[in-house]
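Biologist: Let us go through this model by question and answer. Start with the pockets, then turn to the salt bridges.

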Amino acid sequence: MKVLVVGYGSMGRRRIRLYKQLDKDAQFICVDSNTNRIKQIKDDGYNAFVDLSDALKEKIDFAFVCTSPLSHAAIIPILLQNKINTFTEINLSSINYDLMIKLAKENDVKIFLSSTMLYKNQIKKINELVQKETQPLSYIYHIGQYLPDWHPWESYKDFFVGKKESNGCREIYAIQLPWIVDTFGEIVKLNSVSQKSTNLEIDYDDSYITTFEHKNGNKGVFVVDVVSRIATTYLEIIGENIHITWDGSNDGLKIYNIAEKKVESFTAYENLQHNDNYAVNIVENTYLDEIKDFISYVKNNTEPKWSIQKDLYVLNLIDKIEKK
C-alpha cells in the first residue's frame, strides 16, 4: 500500500508509526512545507515532497491529513477530487464541509473523521452504563491544562491552539463533545460563560463553563480551560442507580456498586501502548483502533463511529458556545 501523510508533525509521525503495525510493507509518501521536517522525512527513510501536487503523481491508496486544523479545508477537497480515501485529524472549522460531502459522493471515496475519545475503552464502558439508565442523569466534567504545557518543545504562540480561530478551548470542545453527545444524547439547550484568567499572550478567553440540556433529560456542566497548572480530567456522573467517576487515567474509572456498597475499578487496557512524549492519559491504543476503523470503512464499508455530518453538528455547537 502507498500511504500519503500530509503534515509530518507529531500526529503525522504517530499515524505512520501505528499504521506500520498493521502493514509493515506500506510505503509512505509525506508532504510538509517545513524544510526541517522535509529533512526529517528523508532521514526517516520516506519519500518527501514540499508540494501536494507533486506527491499526487504517485498512485495513492490512502491519505492521512495531519496538518494544523485550519488548513484541512483546502487540502481535503483536493484529495477527494483525486479519488483518494481520506482520514482527517480533528477539524476546528466547518469551512468546505458541504463541498467535501459532495466530492466524496461524486468520486465514490470515503472521508473518515478522527474522534479519538469514542475509541477509548473507558468511554465505551461509560456509554454502556449510561445507556442502561431510564431516568435522567446529571454530570460534571472538567478538562484543563496550562497551554504552554501542551507542546513543551515549542512556543504556544507557534502552535495552532494559540490562535483565536483554532484556540485551545475550541479544540478541547471538539475532542470531547462527540462522546458527550454520543453518550448523553442530542443537546437541545446550552448556556456558556467565559473569561480570561491568565497573562498568556492569546486573544481569546481561556476558561469556559457550559451547561448542557440533552433531549432525553440528561443535564451536565462542562468546564474547559487552558489554565490548569495540573493537567486535569475529572468526570462525575450522578443518578439514583448509577455513580461513576473518572480521572482520565487507565485505571481511573470508578463505578459504585450499589448492591454491595463499594467502589469498583475498571481497567481499560491490559496491554497499554503509551508514548512518553505525551501526557500519561494519552494512550496509543485508541489511535490505532481509529486507523483500523478507517481501513474497515474503506474496504468493507462498515459504519464509522463518527461522520462528517455529526462533526458539522458539533462544530455548530462550539460556534454557539463561543458566541455566548
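Biologist: How much space lies in the second largest pocket?
Modeller: Keep in mind that this is a predicted model. The second largest pocket has 13 lining residues. Its space comes to about 200 Å³.

Biologist: Which helix gives the most to the lining of the second largest pocket?
Modeller: Helix H5 (97-106) and helix H9 (308-323) each supply at least two residues. Ala104, Ile111, Tyr297, Ile308 and Gln309 are the lining residues nearest the centre of this pocket. The top contribution is 3 residues, and it comes from H5.

Biologist: How do the residues of that lining divide by class?
Modeller: The lining of the second largest pocket holds 13 residues. They divide into 8 nonpolar, 2 polar and 3 charged.

Biologist: What volume does the largest cavity have?
Modeller: The whole structure was searched for cavities of 30 Å³ or more, and 1 turned up. The volume of the largest cavity is about 40 Å³.

Biologist: How many charged residues are in the lining of the largest cavity?
Modeller: The lining consists of Pro69, Leu70, His72, Ala73, Asn91, Ser93, Ile95 and Met100. Of these, 5 are nonpolar and 3 polar. The count of charged residues is therefore none, given that the charged class is Asp, Glu, Lys and Arg.

Biologist: Is aspartate 32 buried or exposed?
Modeller: Aspartate 32 forms a salt bridge with arginine 37, with 3.5 Å between the closest N and O atoms. The partner, arginine 37, is partly exposed at 32% relative accessible area. Aspartate 32 has a relative accessible area of 8%. Buried means under 20%, so aspartate 32 is buried.

Biologist: What separates lysine 125 and glutamate 128 along helix H6?
Modeller: Lysine 125 and glutamate 128 form a salt bridge, and their closest N and O atoms are 3.5 Å apart. Glutamate 128 is partly exposed, at 36% relative accessibility. Both residues sit in helix H6 (residues 121-131). They are 3 residues apart, so the separation is about one helical turn.

Biologist: How many residues apart in sequence are the parts that glutamate 201 and lysine 157 tie together?
Modeller: Glutamate 201 and lysine 157 form a salt bridge, with closest N and O atoms 3.4 Å apart. Glutamate 201 lies in the loop between strand E8 (187-195) and strand E9 (207-214). Lysine 157 lies in the loop between strand E7 (138-144) and helix H7 (168-184). The pair therefore ties together parts whose separation in sequence is 44 residues.

Biologist: Which residue of that pair is exposed?
Modeller: Lysine 157 has a relative accessible area of 43%, which makes lysine 157 partly exposed. Exposed means over 50%. At 55%, the exposed residue is glutamate 201.

Biologist: Which residues are linked in a network of salt bridges?
Modeller: The structure holds 17 salt bridges. Some of these salt bridges join up into a network. The linked residues are Arg14, Arg17 and Glu284.

Biologist: Which residues make the nonpolar surface patch of about 230 Å²?
Modeller: One member of the patch, tyrosine 234, is placed in strand E11 (residues 232-239). Tyrosine 234 counts as partly exposed, at 35% relative accessibility. Patch residues need over 30% relative accessible area, so tyrosine 234 passes that cut-off. The patch is made by Ile140, Tyr234 and Ile238.

Key:
Residues numbered from 1 in each chain as written. Predicted model: local features only at pLDDT ≥ 70, side-chain atom pairs only at ≥ 80, totals over all residues. Heavy atoms only, no water. 1 Å grid on protein atoms, 1.4 Å probe; cavity = no way out; pocket = protein on both sides within 12 Å on 5 of 7 lines; lining within 4 Å. Points joined across faces, edges and corners; volume = space filled by probe spheres on them. Patch = residues over 30% accessible without salt bridge, like charges linked within 9 Å, V, L, I, M, F, W, Y side chains within 5 Å. Areas by Shrake-Rupley, 256 points an atom, 1.4 Å probe, with all protein chains shown as cover. Salt bridge = Lys/Arg side-chain N within 4 Å of Asp/Glu carboxyl O. Helix = DSSP H or I, 4+ residues; strand = E, 2+ residues; numbered from the N terminus. Buried < 20%, exposed > 50% of the residue type's maximum accessible area, 1.4 Å probe, protein only.
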